[in-house]
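Biologist: Could you take a close look at one part of this model for me, the place where two helices pack, and then walk me over to the sheet?

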Amino acid sequence: MILSNKELETIVDTTDEWITRRTGIQERRIASKHREETSTDLATQAALNALDMAGMEPNQMDMIVVGTVTPDRQFPSTACMLQKTLNANRIAAFDVSAGCSGFLYALSIVNDAIRAGSCKTALVLGVERLSTIVDWQDRGTCVLLGDGAGAVVVTAASDGRGILSTHLRADGNLWDLLYAQYGHEYLPEVLKDVDIKPFHLRMEGNRLFKRAIGCLSSIATEALEHNSLTSEDIALVVPHQANLRIIQAMAGNLNFPMEKVFTNVHKYGNTSSASIPIALDEANRQGLLKKDDRALLVAFGAGLTWGSSIVTWSI
Ligand code: COA
C-alpha cells in the first residue's frame, strides 16, 4: 500500500507540512503480509526485472548478494531464499548487513570477486521491509521509512566500462545512533497488514543528520579523486535517499547542481539498502543515464557505514 503523510497524521502527532519540509518525503510504500510481499517476494520481483532488462537467465548467475537489514528470517539469508525462487542453484548466495549502505557493500564485494576471477556474473540486490521493525509510536522515525527492493546484474567487462571503483567505510563507535532493539508490538489499525517483528528501530536523528552530510561528502570526494575526476565529469549522482535536505547539503558541498542529482525520496521515503538500486532503475528508465555516462553512487547508514562508487554506464 501507499502510506501518505496525511495518513501518518492519524497514527502519530505529526503533520504533512512538517514531514515534507524537514525530509522531502510525501509518501512511502508499505508491504503487506497477505499479498506475497515478504522480503523474498520483493527481491524476486526486482531480480526478475533486472534479469529481464539484462536479457539473462537466473542460471547464468554465479553469485547472489543481497544487502538487507530486514530479512524474512534470522537465517537462512534472503539471498538463499531468493536463489530457491529463481531456481539458480549451486551458486554462492549470501546477505550483507551494512545498514543503508548495504547495496554499495554488496556491489563492492561482487566487483572484487569479478576482478579476482572467482565470479563472472552476479545479481546484486538491496531489499528492505522496514515497516516490520518500525516503532509506529515514534514520530521521529516512523515518518521516514518505507519498503522496497531493487536489483542489478553485474557482469565482467573488457571495454573499460562498468564499476570504476568502490570505497567503503564504517565506524562502529557510533553504532548506537541507529539500531534495532527488542520491544513492543504495537500496530496502528490502518497498518494491520504489516508483518511486525518483535523489535523496533531507535535513532538519534539530529546527530545522524550532521554525520551523514560529512560522510557522504567525503566518500564521494574520495571516489572522484581516486579516478582523477571532478563533478563536471559526472552525469548523474544517485545518492541514498534518506532525506532531501541531506542530499541537497551533500550536493552543495560537492558543487553538484541539483539537476544532476537524482531524487525519488518524496515517493518512497528511506528504503535503506533498496534506495540506490530503485533510484538507479528509475533514472535509467527515465533516460537520465546514457551509454558512457558516469554515475556517482553514494550511501550512508547504520553501523555507521558509508560508501561510494563511480560507474560508467554500459547499456
Ligand atoms: N512530526 C512533527 N514533529 C516532529 C517529528 C514529526 N514526525 N519528529 C520530530 N519532531 C519534533 C521533535 O520532537 C522536535 O521537537 P522539539 O523541538 O519540541 O523538541 C522538533 O521536531 C525538531 O526535532 P529534530 O530531531 O531536531 O528535527 P530535525 O530537523 O533534526 O529533523 C529528522 C528530524 C529525523 C528529519 C532529521 O534529523 C534527519 O533526517 N536525520 C537523519 C535521519 C536519517 O537519515 N536516518 C537514516 C540514516 S541512513
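Modeller: Helix α7 passes helix α8 in a right-handed crossing. Keep in mind that this is a predicted model. The axes of α7 (residues 205–226) and α8 (residues 244–253) come within 9 Å and cross at roughly 40°. That angle falls outside the under-35-degree band for roughly parallel and the 65 to 115 band for roughly perpendicular, so α7 and α8 count as oblique to each other. On the α7 side you'll find Phe209, Ala212, Ile213, Leu216 and Ser217, and they meet Arg245, Ile246, Ala249, Met250 and Asn253 of α8. Sort the residues of that contact by type and you get seven nonpolar, two polar and one charged.

Now over to the sheet. It's an open one, four strands in the order β4-β3-β5-β6, with mixed pairing. β4 (92–96) and β6 sit at the edges with a single partner strand each, so one side of each has no neighbour in the sheet. From one strand to the next, the twist averages 15°.

Going through the pairs, β3 and β4 are parallel, with five bridges, and Val66 has Asp95 in β4 as its bridge partner. β3 (residues 63–67) also pairs with β5 in the parallel sense, again over five bridges; there, Met63 stands opposite Ala122 of β5. The mixed part comes in with β5 and β6 (residues 147–155), which run antiparallel and are joined by nine bridges. One spot to click on is Val124, whose bridge partner in β6 is Val152.

β5 itself deserves a pause. Nine of the nine residues in this strand (residues 121–129) are buried, so β5 is largely enclosed by the rest of the structure. In a regular strand, side chains alternate between the two faces of the sheet. Here both faces are covered: Thr121, Leu123, Leu125, Val127 and Arg129 are buried on one side, and Ala122, Val124, Gly126 and Glu128 are buried on the other. Note that the buried set takes in Arg129 and Glu128 along with the likes of Leu123 and Val124.

What lies across β5 and β6? Helix α3 (residues 39–54) does, running at about 40° to β6. Helix α10 (residues 275–285) packs on the sheet too, touching β5 and β6, and its direction makes about 70° with that of β6.

Technical notes
Residues are numbered from 1 along each chain as its sequence is written. This is a predicted model: local features need pLDDT of at least 70, side-chain atom pairs count only at pLDDT 80 or more; totals for chains, interfaces and linings use all residues. Side-chain values use heavy atoms; hydrogens and water are left out. Buried means under 20% relative accessible area, exposed over 50%, partly exposed in between (1.4 Å probe, protein chains only). Helices (H or I, at least four residues) and strands (E, at least two) are DSSP runs, numbered from the N terminus. Two strands pair if DSSP finds at least two bridges between them. Axes are lines fitted to C-alpha atoms, for helices over the stretch in contact, and angles run from 0 to 180 degrees between N-to-C directions. Angles under 35 degrees count as roughly parallel, over 145 as roughly antiparallel, 65 to 115 as roughly perpendicular and the rest as oblique. A crossing is left-handed if the near helix is turned anticlockwise from the far one by less than a right angle, and right-handed if clockwise. Contact means heavy atoms within 4.5 Å. Ala, Val, Leu, Ile, Met, Phe, Trp, Tyr, Cys and Pro count as nonpolar, Asp, Glu, Lys and Arg as charged, and the others, Gly among them, as polar.
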